[in-house]
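Hi everyone, thanks for making room for me in the schedule. I'd like to walk you through one model, so let me put it on the screen.

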Amino acid sequence: MPRDHRPSDDITTVWEPCGSCWGQRVIWTLHRHGGRLHREACPGCLGVGQRAVIVAA
Ligand SMILES: [Zn+2]
C-alpha cells in the first residue's frame, strides 16, 4: 500500500477510525471453548486502524 500518495488540490483525504475494529487494528474473538481471546487482523482496514475517505472539495 503506497503511503506517499499526495492528494491533489481538488481532493481531500480524510482519515477516520475504522468502524469494524474502532481503531484497534485487530479483532478479538473470544473462543467459548478454552475461554481465550484470538487475535486477528481487522478485515475492514487490513490492520491499519483507519480508513481513508476521499472527499471532493
Ligand atoms: Zn479495522
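Let me start with a question for the room: what percentage of the 57 residues in the protein is made up of buried residues? The answer is 4%. Do keep in mind as we go that this is a predicted model.

Now for the overall layout. The protein has zero helices and four strands, so to speak in the plainest terms, the order from the N terminus on is β-β-β-β. As for the contacts with a separation of 6 or more, 57% of them are accounted for by residues 24 or more positions apart.

Let's look at how the strands pair up, beginning with the ends of the chain. Strand 1 covers 11-17, and strand 4 covers 50-56. These two run antiparallel and are joined by seven bridges. If you want one pair to find on the screen, take Thr12, whose bridge partner in strand 4 is Val55. Strand 1 is hardly covered, with zero buried residues among its seven.

Next, the middle of the chain. Strand 2 spans residues 26-30, and it pairs with strand 3, residues 37-41, in the antiparallel sense over five bridges. Two places to look: Val26 stands opposite Ala41 in strand 3, and Ile27 has Glu40 in strand 3 as its bridge partner. Strands 2 and 3 form a hairpin, with six residues between them. In the turn you will find Gly34, which has a positive phi of about 110°.

And how many buried residues are there among the five residues of strand 2? The count is zero, and strand 2 is hardly covered. Strand 3 is hardly covered as well, with a count of zero buried residues among its five.

Let me zoom in on one residue from each side of this hairpin. On strand 2 we have Thr29. Why does Thr29 count as exposed? Because it has 10 C-beta neighbours inside 10 Å, and a residue is called exposed at 12 or fewer. Leaving out residues up to four places away in sequence, Thr29 touches Leu37, His38 and Glu40. Glu40 is eleven residues from Thr29 in sequence, and the C-alpha to C-alpha distance between the two is 7.8 Å.

On the other side, His38 sits in strand 3. His38 counts as exposed because it has 11 C-beta neighbours inside 10 Å. Setting aside neighbours within four places in sequence, the contacts of His38 are with Thr29 and His31. From His38 to Val26 there are twelve residues in sequence and 9.8 Å in space, C-alpha to C-alpha.

Now, a couple of backbone angles for the geometry fans. Most residues other than glycine have a negative phi. With that in mind, please find Arg25, a residue other than glycine whose phi is positive, near 75°. Arg25 is in the loop between strand 1 and strand 2. Is Arg25 exposed or partly exposed? Partly exposed, because it has 16 C-beta neighbours inside 10 Å.

Leu46 is another one to look at: it is not a glycine, but has a positive phi of about 60°. You'll find Leu46 in the loop between strand 3 and strand 4. Leu46 is exposed because there are 12 other C-beta atoms within 10 Å, and the cut-off for exposed is 12 or fewer.

While we are in that loop between strand 3 and strand 4, have a look at Pro43 too. Pro43 counts as exposed, because it has 11 C-beta neighbours inside 10 Å. Pro43 is 17 residues from Val26 in sequence, with 8.4 Å between them in space, C-alpha to C-alpha.

To pull it together: we have four strands and zero helices, with strand 1 and strand 4 joined by seven antiparallel bridges, and strand 2 and strand 3 forming a hairpin. Buried residues come to 4% of the 57. Thanks for listening, and I'm happy to turn the model around for anyone who wants another look.

Notes:
Residues are numbered from 1 along each chain as its sequence is written. This is a predicted model: local features need pLDDT of at least 70, side-chain atom pairs count only at pLDDT 80 or more; totals for chains, interfaces and linings use all residues. A residue is buried if 20 or more other C-beta atoms lie within 10 Å of its own, exposed if 12 or fewer, and partly exposed in between; C-beta atoms are placed from the backbone. Two residues are in contact if their C-beta atoms, placed from the backbone, lie within 7 Å. Two strands pair if DSSP finds at least two bridges between them.
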